[in-house]
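Here are a few exercises to work through with a viewer open. Try each task before you read its solution.

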2 protein chains.
Amino acid sequence: LAAVAGAACAEAAKSEDLIRWRQSAYQVLNWNMERLKANLASPQYNKDEGAKAANTIAAIANSGMGSLYAAGTDKGKGWHDTKVKPEFFTNGQKVGELAVAFNKEANELAKVAATGDAGAVKAQFGNLGKSCKACHDDFKIKD
Amino acid sequence: LAAVAGAACAEAAKSEDLIRWRQSAYQVLNWNMERLKANLASPQYNKDEGAKAANTIAAIANSGMGSLYAAGTDKGKGWHDTKVKPEFFTNGQKVGELAVAFNKEANELAKVAATGDAGAVKAQFGNLGKSCKACHDDFKIKD
Ligand code: HEC
Ligand code: HEC
């Protein structure tokens, strides 16, 4: 994971903090995907509102969430029991590929949202959503 | 609150989602304040790691969290019962002032962190922390 820098700092934090923080960061992604979806479905797409959502998503993608997956956080409870699969900690290459793809799509979304072209935002929203799903398919325990 | 734009979209979301999302966004602030504090306390301040934390904080500050305080979310449960005080919904002018101050300090932190000057980051970290506390003193129920 590119984002492993900073793991040294994060190690000082307790596992339950790290798990709660990553679950929180994903919920912030969720919020911004939902508001972007609602914006795209509304009769008049709002460019500023769309850019805010996209910029927030890109910031989380660039935040270095890898440090929230420190050793020992494969099991444990944040807001609730972690839903990460054990494979996340043993298949670093695949996790890295998925993280890079997610990062690329998120930054592309921010770029496209800055133009205000609703059609292009919609298409890129779809691409980003696929990169979330790809990681969940492999590394997140199903709800 | 400057961030009230987007409330129309957020209204489609359920109160429990909005409360969970704002509690999550504050936890992302918490994560990034903690990692910045640990970074500043470490023998060798890491510029890239500091910039990531500061940029994430600024992005949350710019995200438009006002839309997560839609009518009807003065009471209810996200991850847990909301800790917002009822005054948040009746003293919009004061909330707006505190939100603007927070926004200013967060964006200033991102600017300072980009330079990598640890002393300046430390000072601005302090200023930002005061803006968190100012809002909590008036509008957050004590833990
Ligand atoms: C590189 C892997 C990866 C990517 C990319 C990813 N996720 Fe996840 N996601 C996970 C894992 C692992 C968990 C479980 C975290 C835990 O419980 O510790 C998770 C959890 C979640 C949760 C549940 C959070 C909770 O506990 O309530 C949501 C919602 C979510 N992700 C949304 C998204 C969205 C939206 C995107 C893209 C915009 C995304 N994720 C991208 C791996 C990923
Ligand atoms: C404009 C007001 C305001 C500002 C600015 C603000 N907060 Fe808060 N904060 C709140 C309110 C209100 C709540 C309670 C939210 C709820 O429970 O619905 C809260 C809750 C929290 C929580 C608890 C989240 C949870 O439910 O676990 C943390 C942690 C937190 N804030 C940290 C911060 C940090 C760190 C900053 C600044 C970098 C900050 N806040 C800035 C108003 C603010």
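The exercises below look at two ligand sites and one helix pair in this predicted model.

**Exercise 1.** Work out which residues come nearest to ligand 1, and which chains build its site.

*Solution.* Start with the shell: 20 residues surround ligand 1, and the closest are Gln27(A), Thr82(A), Cys132(A), Cys135(A) and His136(A). Next, check the chain letters across the whole shell. Residues from chains A and B surround ligand 1, so this site is shared between chains. Now look for polar atoms facing the ligand's oxygens. The side chain of Thr82(A) has an N or O atom 2.6 Å from an oxygen atom of ligand 1. For His80(A), the side-chain N or O atom is 2.7 Å from a ligand 1 oxygen, and for Arg22(A) a polar side-chain atom sits 2.8 Å from one. Which elements give two or more residues to this shell? They are helix 2 (15–41) and helix 5 of chain A. Helix 2 of chain A gives the most, with seven residues. Finally, sort by class: ten nonpolar, seven polar and three charged residues make up the shell around ligand 1.

**Exercise 2.** Do the job again for ligand 2, and find where a backbone atom comes into play.

*Solution.* Of the 20 residues around ligand 2, the nearest are His80(B), Thr82(B), Cys132(B), Cys135(B) and His136(B). Chains A and B both supply residues around ligand 2, so the site is shared between chains. The backbone partner is Lys83(B), with an N or O atom 2.9 Å from an oxygen atom of ligand 2. Side chains join in too: His80(B) puts a polar atom 2.7 Å from a ligand 2 oxygen, while Arg22(B) has a side-chain N or O atom 2.8 Å from one. Helix 2 (15–41) and helix 5 (118–139) of chain B are the elements that give two or more residues to the shell. Helix 2 of chain B gives the most, with seven residues.

**Exercise 3.** Decide how helix 4 and helix 5 of chain A run relative to each other: roughly parallel or roughly antiparallel?

*Solution.* Take the geometry first. Helix 4 (residues 92–115) and helix 5 (residues 118–139) of chain A pack at an angle of about 165°, with their axes 9 Å apart. That angle makes helix 4 of chain A roughly antiparallel to helix 5 of chain A. The crossing of these two helices is left-handed. Then list the meeting residues: helix 4 of chain A brings, among them, Leu98(A), Phe102(A) and Leu109(A), and helix 5 of chain A brings residues including Phe125(A), Leu128(A) and Cys135(A). The residues of this contact divide into 15 nonpolar, three polar and four charged.

Note on methods. Residues numbered from 1 in each chain as written. Chains lettered and ligands numbered in written order. Predicted model: local features only at pLDDT ≥ 70, side-chain atom pairs only at ≥ 80, totals over all residues. Heavy atoms only, no water. Near = heavy atom within 4 Å. Polar contact = N/O pair within 3.5 Å; in protein donor to acceptor, adjacent residues only side chain to side chain. Helix = DSSP H or I, 4+ residues; strand = E, 2+ residues; numbered from the N terminus. Axes fitted to C-alpha atoms, helices over the stretch in contact; angles between N-to-C directions. Parallel < 35°, antiparallel > 145°, perpendicular 65-115°, else oblique. Left-handed = near helix turned anticlockwise from the far one by under 90°. Contact = heavy atoms within 4.5 Å. Nonpolar A, V, L, I, M, F, W, Y, C, P; charged D, E, K, R; others polar.
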